[in-house]
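Visitor: Please choose one part of this model and go through it closely. I would like to know what surrounds that part and how it is packed.

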Amino acid sequence: MSSSNVNHLAQPCIYGHIVSSYGERKSTFMRWLSKLFKGGASRRRAATGGQQPGDGNVVLRAPSRSSDDHSRANKEKEELDRAVALSLNEDLSKPNGYRWRTANDEDLARTLHDNFNSAPYPQYGPRDYYQEAYRKCGGCDREIVHGNYLGCMGTFYHPECFCCCACGYPITEHEFSLSGKDTYHKSCFKELTHPKCEVCHQFIPTNGAGLIEYRCHPFWSQKYCPSHEHDNTARCCSCERLESWNTRYISLGDSRSICLECMESAIMDTGDCQPLYHAIRDYYEGLNMRIDQQIPMLLVERLALNEAIEGEKHGYHHMPETRGLCLSEEQTVTSVSRRPRMERCGLVGMRTQPQKLVRRCEVTAILVLYGLPRLLTGAILAHELMHGWLRLNGYRRLRHEVEEGICQVLARLWLESEVLNIPSTFTASSSSTASSSSSSSSSSSPWSASKKGGKSSVENKLGEFFMHQIAHDASPAYGGGYRAAMAAVNRYGLRRTLDHIRLTGTFPE
């Protein structure tokens, strides 16, 4: 509903409580009617030569159409109009300030005045009639015959017919809102059009300029007050949604929180993640990108991941939050060996153990944050495995945007295969060998077919969000690199793009 079509009217019509009794109105009318009647009687006596109905020798003659008659008729009309105005003004000046008007008051006075001043002989020529105005209710489309009514926007209404288009109840407040020709209680109109914060569930306040200012998540369309970005409101580390006041997020114990929807499919320890890790290695094999080396994979807490990042001599990491790492150096890393259990106070009972990582090839291990949903964990593994594949296959000293961009492409392609059921042969169509290998691998791998049918709509929606994150990343290396790499893969295929990167260190144009 466009704000330019909305009006807020103050005191738009005459209405309210009846503030004068019938006796008071009768007294008021009688005072000025008696004056009119006296004036009318004296004028009739003058017209008949002072004769009363009982006098003899009365001669009735047709009135002459002199200018005095017309001026007298105009004067009588002015007197009646003035009397009606004085009566209404006297009533309106009483306490409460506004009142219902009775349809018969004014018209009764006009009718009595006409009857009393009518001559005992026929009238000739034009005559002014003070007939009752025809009033039709704009709500029920019926005539307003008697009782209270109100006038608004050039239309008359029964009191019970002037209703709110939202709740259907009559509007009796001093002000109302108007959108087009639709009338609303101000509170109902605000409920319909004013956005509410999805965190505190209050109406979003206006800023200093009087405008409604709020934040909105680009994927989930979650609207919230700008203040919640700075008041320590918890944000899910997976889907980025803010915690609503009527729900509670789960603390993972390392300054991260996760919402209940993401928690449903979260992978909590290294043992739980092994089937997913092997499924993604099978996916690589289906792309004719087999990884023969047995690269250890560990789920770790945030602190352990940050310490491992500091121990790396080389590497480019996505700030401010890094969720995975392909290690090249020998380190001792503390991994999550047993998943925590859910208690009313949060997650408890998690067991960790230090593990010495020995370098046997170009890749020492792959580390991933624990507690993330299955699809996000899988996308991180697909990304980090691509780092490992590049190092194991002689791709050295690539620029950050080239290496991170092609790794993001593999993460996105794996998500598409899971969420959209796009087969892995899509990316290897440029090679007949890759196509045959992909078809045999995909038919036998445990992650395809039956397992994909088990994902819920919530998990699929999360997968769409993770793909949205990759496609709209604003960083030069992850976002810009991904878009350049994806354009090359769509044009030339994955195999030819990788061959070009090996020879030139850049994406094919």
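Guide: What follows is a close look at one helix, α9, with its partners and the loop after it.

The model is predicted, so local features are given only at pLDDT of at least 70 and side-chain atom pairs only at pLDDT 80 or more, while totals for chains, interfaces and linings use all residues. Residues are numbered from 1 along each chain as its sequence is written, and side-chain values use heavy atoms, with hydrogens and water left out.

First, the setting. The protein chain has 13 helices and 19 strands; these are DSSP runs numbered from the N terminus, with helices being H or I of at least four residues and strands being E of at least two. Of the 509 residues in the chain, 42% are buried, where buried means under 20% relative accessible area, exposed means over 50% and partly exposed is in between, with a 1.4 Å probe and protein chains only. Among contacts between residues at least 6 apart in sequence, 63% join residues at least 24 apart; contact means heavy atoms within 4.5 Å.

Helix α9 covers residues 400-419. At 1.5 Å a residue, its 20 residues should span 28 Å, and the end C-alpha atoms are 28 Å apart, which agrees. The expected span is 1.5 Å times one less than the number of residues. The helix is mostly covered, with 18 of its 20 residues buried.

One partner is α12, residues 476-492. The axes of α9 and α12 come within 7 Å and cross at roughly 65°. That makes α9 roughly perpendicular to α12. Axes here are lines fitted to C-alpha atoms, for helices over the stretch in contact, and angles run from 0 to 180 degrees between N-to-C directions. Angles under 35 degrees count as roughly parallel, over 145 as roughly antiparallel, 65 to 115 as roughly perpendicular and the rest as oblique. The crossing of α9 and α12 is right-handed; a crossing is right-handed if the near helix is turned clockwise from the far one by less than a right angle, and left-handed if anticlockwise. From α9, the residues that meet α12 are His400, Glu401, Glu404, Gly405, Ile406, Gln408, Val409, Arg412 and Leu413. They face Pro476, Ala477, Tyr478, Gly481, Tyr482, Ala485, Met486 and Val489 of α12. By class, this contact has 10 nonpolar, four polar and three charged residues. Ala, Val, Leu, Ile, Met, Phe, Trp, Tyr, Cys and Pro count as nonpolar, Asp, Glu, Lys and Arg as charged, and the others, Gly among them, as polar.

Another partner is α8, residues 374-392. The axes of α8 and α9 come within 8 Å and cross at roughly 140°. That makes α8 oblique to α9. This crossing, too, is right-handed. The α8 side of the contact includes Arg374, Leu375, Ala382, His383 and Met386, and the α9 side includes Glu404, Ile406, Gln408, Trp414 and Val419. The residues of the contact divide into 12 nonpolar, four polar and five charged.

Gln408 lies in α9 and deserves a separate look. Gln408 is buried, with a relative accessible area of 8%. Leaving aside neighbours within four places in sequence, Gln408 is in contact with His383, Ile470, Tyr478 and Tyr482. Among these, His383 is one of the α8 residues in the contact with α9, Tyr478 and Tyr482 belong to α12, and Ile470 is one of the buried residues of α11.

Helix α11 itself covers residues 457-471; its 15 residues reach 21 Å from first C-alpha to last, close to the 21 Å expected at 1.5 Å a residue. The buried residues of α11 also include Leu462, Phe465, Phe466 and Met467. What covers the buried residues of α11 includes α5 (260-263), β19 (372-373), α8, α9 and α12.

Beyond the end of α9, Leu420 sits in the loop between α9 and α10 (432-444). Leu420 is partly exposed, with a relative accessible area of 46%. Not counting residues up to four places away in sequence, Leu420 touches Leu415 and Met467. Leu420 and Asn460 are 40 residues apart in sequence and 8.7 Å apart in space, C-alpha to C-alpha. Just after α9, Asn421 takes a positive phi of about 60°. Most residues other than glycine have a negative phi.
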